[in-house]
Amino acid sequence: MTHPWIEVEQKFVPRPGIEDRLKELGGTQESQISFRDSYYDTRELTLMKADHWLRHREGSGWELKCPGAGGNTGSHTKYMELTAEAAIAARLCERLGTAGLGTENVSEMLGRLELQEVASFVTERSVWKLVLSGAGDEGEALTVDLDTADFGYAVGEVEALVREEAEVPKALEKIRSLSSLLGVSQHEQTPGKLIVYLQRFRPLDYQRLLEVATGKNDEQEESAAIEN
Ligand SMILES: Cc1ncc(C[n+]2csc(CCOP(=O)(O)OP(=O)(O)OP(=O)(O)O)c2C)c(N)n1
Ligand SMILES: [Mg+2]
């Protein structure tokens, strides 16, 4: 099985002039891309309530983000990203308490697991790469994504992808340094596109997730699904 990536990121509200600031810091725009994300869950939002996020991204395929060891605290988040369909299938069966579906093809599993589309939107993304100079820096580039979703919400993220849990503290340190250089507060808690989509277009679902996150739902034993 392919070893999953760990995504460590800090989201922020992009302020005017952010691109100039990125250039000033030595950043370069790597690409401008556009993609449609479609998120899936059960009617009861079993996955999202357990902080699992299943999506299909047009052009790159299936992905399941789930909490890594140590969970998430503060304004940054850390998720394990599964992209191999066999690994996604195994995790879905584990979470949804099913087995022996006879397929590891995620599209084929949707109907059998009663997973339906919860959200679908297109993102225009400007991808920036930046190497932070400084003592003891190993020169790994950080990524800054500047996203605008087709429903009119803009969000940025400073992101590092690492392979091992042991690399997370260093990645966090770099993310904090760059965020601070970009004028982003360490305490800034900016919601992602999906959360804002749910808030605007599926308010009842949003409310249910919020109840889990704030511990108001007695049926749910899992920890925070959304933090803001
Ligand atoms: C503050 C906070 N943010 C996110 C979450 C979890 N969460 C909510 S929706 C969600 C899934 C969407 O993840 P996100 O990184 O926002 O998507 P995107 O930037 O488009 O994908 P990329 O290209 O980076 O892979 C997660 C992990 C949380 N529990 N709390
Ligand atoms: Mg992200």
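**Notebook: the magnesium site and its surroundings**

I started with E157, which is buried at a relative accessible area of 5%. The cut-off for buried is under 20%, so E157 qualifies. I placed E157 in strand 8.

Before going on, I checked confidence. This is a predicted model. The chain averages a pLDDT of 89, and 88% of the residues score at least 70. Residues 219–223 fall below 50, and this stretch has eight contacts in the model beyond near neighbours in sequence. I noted an ipTM of 0.93 and a pTM of 0.90.

Next I looked up the metal. Which residues supply the protein donors of the magnesium ion (ligand 2)? I found E9 through an OE atom, and E157 listed twice, each time as OE. These donors lie 2.3 to 2.7 Å from the ion. I then checked the geometry of the magnesium ion (ligand 2). The site has six donor atoms, with angles of 51 to 158 degrees among them, and is irregular. An octahedral call needs every pair that is not opposite to fall between 65 and 115 degrees, so the 51 degree angle rules it out.

I traced the two glutamates in the sequence. E9 sits in strand 1 (residues 5–12) and E157 in strand 8 (residues 154–162), so the pair ties together parts 148 residues apart in sequence. Is E9 buried or exposed? I have E9 as buried, at 4% relative accessibility.

I went back to E157 for its contacts. I left aside neighbours within four places in sequence. E157 is in contact with E7, E9, Q10, K11 and F12. The list also holds R125, T143, V144 and D145. I checked the side chains too: E157 makes a polar contact with the side chain of K11, at 2.7 Å.

I then compared this with the record. The unreviewed UniProt entry carries a "binding site" annotation on K11, R55, R57, K65, R125, E157 and K193. K11 and E157, the polar pair, are both among these positions.

R125 was my last stop. I located R125 in strand 6 (residues 116–130). R125 counts as buried, at 12% relative accessibility. What does R125 touch, not counting residues up to four places away in sequence? I listed S31, Q32, I33, F35, R57, D145, L146, D147, E157 and K193. Of these contacts, R57, E157 and K193 also carry the "binding site" annotation in the UniProt entry.

Notes. Residues are numbered from 1 along each chain as its sequence is written. Chains are lettered from A and ligands numbered from 1 in the order in which they are written. This is a predicted model: local features need pLDDT of at least 70, side-chain atom pairs count only at pLDDT 80 or more; totals for chains, interfaces and linings use all residues. Side-chain values use heavy atoms; hydrogens and water are left out. pLDDT is the predictor's confidence in each residue, from 0 to 100. Contact means heavy atoms within 4.5 Å. Donors are N, O and S atoms within 2.8 Å of the metal (3.2 Å for Na, K and Ca); water is not among the atoms, so sites may look incomplete. Four donors count as tetrahedral if all angles lie between 85 and 135 degrees; four count as square planar and six as octahedral if opposite donors are over 155 degrees apart and all others between 65 and 115; anything else is irregular. Helices (H or I, at least four residues) and strands (E, at least two) are DSSP runs, numbered from the N terminus. Buried means under 20% relative accessible area, exposed over 50%, partly exposed in between (1.4 Å probe, protein chains only). UniProt positions are given in the numbering used here, feature names are shortened, and annotations may be inferred rather than shown by experiment. A polar contact is a pair of N or O atoms within 3.5 Å; within protein, one must be able to donate a hydrogen and the other to accept it, and residues adjacent in sequence count only if both atoms are side-chain atoms.
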